[in-house]
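Good morning, and thank you for joining this group meeting. I shall present one structure, beginning with a sheet and then turning to the chains and their contact.

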Number of protein chains: 2
Amino acid sequence: MVDKVIGIDIGGTNLRGALVSREGGILKRMEISSQADQGIDKVIENLAGFIKDISEGENVCNIGMGIPGIINSKDGVITQAPNILNVDDYPLRAVLNEKLGSDINIVIENDANSAAVGEWWMGASKDVNSMIMITMGTGVGGGLILDGKLWTGADGMAGEIGHITIYPDGAKCKCGNYGCLESYASATAIRRMVREGLEDKSLNTILRESTKNIEVEDIPQIVMEAAGAGDGFSLGIWEEVGKALGIGIASLINLLNIEMVVIGGGVSNAWDLFIDKTYEEARRRAFRAPMKRTKIQRGLLRDDAGILGSAHLALKSSNEKKP
Amino acid sequence: MVDKVIGIDIGGTNLRGALVSREGGILKRMEISSQADQGIDKVIENLAGFIKDISEGENVCNIGMGIPGIINSKDGVITQAPNILNVDDYPLRAVLNEKLGSDINIVIENDANSAAVGEWWMGASKDVNSMIMITMGTGVGGGLILDGKLWTGADGMAGEIGHITIYPDGAKCKCGNYGCLESYASATAIRRMVREGLEDKSLNTILRESTKNIEVEDIPQIVMEAAGAGDGFSLGIWEEVGKALGIGIASLINLLNIEMVVIGGGVSNAWDLFIDKTYEEARRRAFRAPMKRTKIQRGLLRDDAGILGSAHLALKSSNEKKP
């Protein structure tokens with residue numbers, strides 16, 4: 001029986017991973033720069049070294065990885081990952097099997113799907129049979145656990161909660177659609193709202209100074225602090241975020257009648273600033289009974305959700321291969 | 001092995017049902033008035049007689065029923081069915097078991113869920129593993145087949161596709177929400193659009209005469225005929241219907257990556273008048289790959305979808321009980 005696996009979260013900046021026991025314990029944890037800006041070959045070189053380092057002294061044959069992009073998990077191919085690896089139809093599993101040995105069982109999955117599995121396995125929704133994970137980061141990702149299993153859809157592309165339409169004539173999303181949840185509840189969305197607000201020269205807000213020359217990932221923190229300091233414009237931005245999230249969650253509840261909605265990602269650090277509006281909006285819109293039974297709560301695992309989820313998928317896949 | 005079951009579609013006007021073989025063949029078909037206006041006791045009396053008539057000369061122990069409302073299928077209880085039976089928490093299975101004998105295995109399900117199962121078992125989506133059924137009638141219902149199984153959610157309330165929000169500030173829906181799909185793609189929605197349009201006294205449309213004193217169920221047919229005759233206002237209504245449907249389907253495709261969307265119900269008879277707009281809108285909004293692979297097509301079984309779906313659920317439940 002497999003007793004240890006590796007779970008890895010592949011990001012644009014860092015590779016983060018851990019050696020994980022079959023009970024979900026983190027035995028060893030590592031993090032290195034992914035150097036994604038130097039191209040895919042460099043990332044693969046780093047990834048292979050990273051895996052060797054984590055598994056040093058251990059006999060680990062099962063590795064799971066979460067990747068931000070469109071993933072064909074069946075074939076182990078990255079269909080598209082524009083923000084991280086800038087590759088199309090890249091056969092990650094085959095490449096890694098060549099480098100690490102063909103006996104290594106490699107499972108790849110979309111990172112938000114991995115995070116959903118992680119929160120369901122070891123985190124906020126351990127005891128439920130169905131849940132939706134929403135990760136609010138640079139974009140908005142998602143994952144669906146239905147009947148105790150990750151629902152990845154006909155081609156592994158399901159769970160794109162960030163790209164359900166909230167406002168049909170709303171802000172343009174980088175996916176090409178208008179008014180996606182991602183266009184209202186991500187760091188990118190918050191940057192847009194700040195920029196549009198500041199165009200009104202008469203608007204009085206501390207963000208006018210504090211958001212100068214700031215990276216998109218850091219904007220939510222600044223708007224959170226400004227709202228905490230009573231900045232009205234910033235408070236309004238969080239209301240917008242909460243409202244869009246509530247509209248989306250109501251649709252998800254009516255459609256899927258899940259037991260729980262778990263919200264993670266860096267933007268969700270502003271929880272207290274948006275969650276009341278989210279509840280208010282969702283209650284206004286969802287059917288009473290399924291709304292009442294659905295718990296909406298923060299992820300518990302933070303950055304470990306993806307690592308643990310990937311580890312669980314690797315464990316599960318090893319069981320399926322060796323029954 | 002069970003070789004024959006009964007499938008019944010309970011409607012506000014009629015009870016429709018059939019004796020169905022395990023291969024999905026309709027062996028005998030019946031229809032009577034439900035007399036729902038005379039109260040639940042009368043409906044139950046009619047239903048019990050109806051079942052006896054269909055099963056005459058046969059030894060049928062498994063019956064499935066589709067009911068328009070919120071159904072707790074596990075307990076066999078109608079939670080709410082305001083449009084048909086006007087009952088709350090009505091223990092239909094227990095009542096029928098008392099009347100028909102406790103050895104009769106009775107399965108109850110929401111009617112749109114039954115229709116989804118029917119189209120998946122014997123109709124438009126026979127060969128797929130995942131599909132969404134959308135029924136456009138007086139309201140808009142829905143059912144989800146995921147991984148070859150009906151997804152009914154944590155409390156049997158999933159599949160309310162008619163109540164995902166399309167336009168957050170749109171028309172009020174009878175569920176209490178604003179801008180639901182049902183408020184734009186049902187017979188009720190079409191009646192509203194006609195009424196609102198006619199308020200403009202200068203509007204030139206043949207609907208001004210032809211929709212006088214017409215029941216809501218008959219409105220779509222009249223607007224369809226008017227559009228067919230080139231009435232511009234009527235053509236515009238079908239564009240609105242098609243657009244709302246396209247926005248909703250795009251969200252469903254991004255979220256669930258299903259293989260097929262099947263559209264049924266009386267309003268879908270106007271298919272040629274709205275489907276181009278639906279495709280146009282969905283293509284604008286959904287991710288390219290899952291959009292391309294998703295077939296959007298009309299239901300094949302029409303009124304038999306619910307009967308066959310209920311029959312299938314009864315068959316399946318009999319297998320689970322006697323393995």
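Before describing the sheet, I should define a term: two strands are said to pair if DSSP finds at least two bridges between them. Please also keep in mind that we are looking at a predicted model.

With that definition, let us turn to chain B. Here five strands make up an open sheet, and their order is S11-S10-S9-S12-S13. The pairing within this sheet is mixed. Which strands lie at the edges? They are strand S11, residues 149-150, and strand S13, residues 295-298, of chain B, and each of them pairs on one side only.

One pair of neighbours in this sheet merits a further look. Strand S12 of chain B, residues 260-264, is joined to S13(B) by four bridges, and the two strands run parallel. As an example of a partnership at the level of residues, B:Val261 has B:Ile296, in S13(B), as its bridge partner.

I now move to chain A as a whole. Chain A contains 11 helices and 13 strands. Its C-alpha trace spans about 65 × 45 × 35 Å along the principal axes. How does the radius of gyration of chain A agree with that of a compact globule? For 323 residues, such a globule would have a value near 20 Å, and chain A has 20 Å, so the two agree. As for burial, 55% of the 323 residues of chain A count as buried. We may also consider contacts in chain A between residues at least 6 apart in sequence: of these, 65% join residues at least 24 apart.

Next comes the relation between the two chains. A turn of 180°, with a shift of 0.0 Å along the axis, lays chain A on chain B with an RMSD of 0.0 Å. The two copies are therefore related as by a two-fold rotation axis. The same surface serves both copies, since 100% of the contact residues of chain A recur in chain B.

Finally, let us examine the contact itself. In chain A, 33 residues are in contact with 33 residues of chain B. On the side of chain A that touches chain B, the elements giving two or more residues are helix H8 (232-256) and helix H10 (288-293) of chain A. Which element gives the most to this side? It is H8(A), with six residues. Sorted by class, this side of chain A has 19 nonpolar, nine polar and five charged residues.

Thank you for your attention.

How values were computed. Residues are numbered from 1 along each chain as its sequence is written. Chains are lettered from A and ligands numbered from 1 in the order in which they are written. This is a predicted model: local features need pLDDT of at least 70, side-chain atom pairs count only at pLDDT 80 or more; totals for chains, interfaces and linings use all residues. Copies are superposed by least squares on the C-alpha atoms of residues with pLDDT of at least 70 in both. Two residues are in contact if their C-beta atoms, placed from the backbone, lie within 7 Å. Ala, Val, Leu, Ile, Met, Phe, Trp, Tyr, Cys and Pro count as nonpolar, Asp, Glu, Lys and Arg as charged, and the others, Gly among them, as polar. The radius of gyration is taken over C-alpha atoms; the globule rule is 2.2 Å times the number of residues to the power 0.38. A residue is buried if 20 or more other C-beta atoms lie within 10 Å of its own, exposed if 12 or fewer, and partly exposed in between; C-beta atoms are placed from the backbone.
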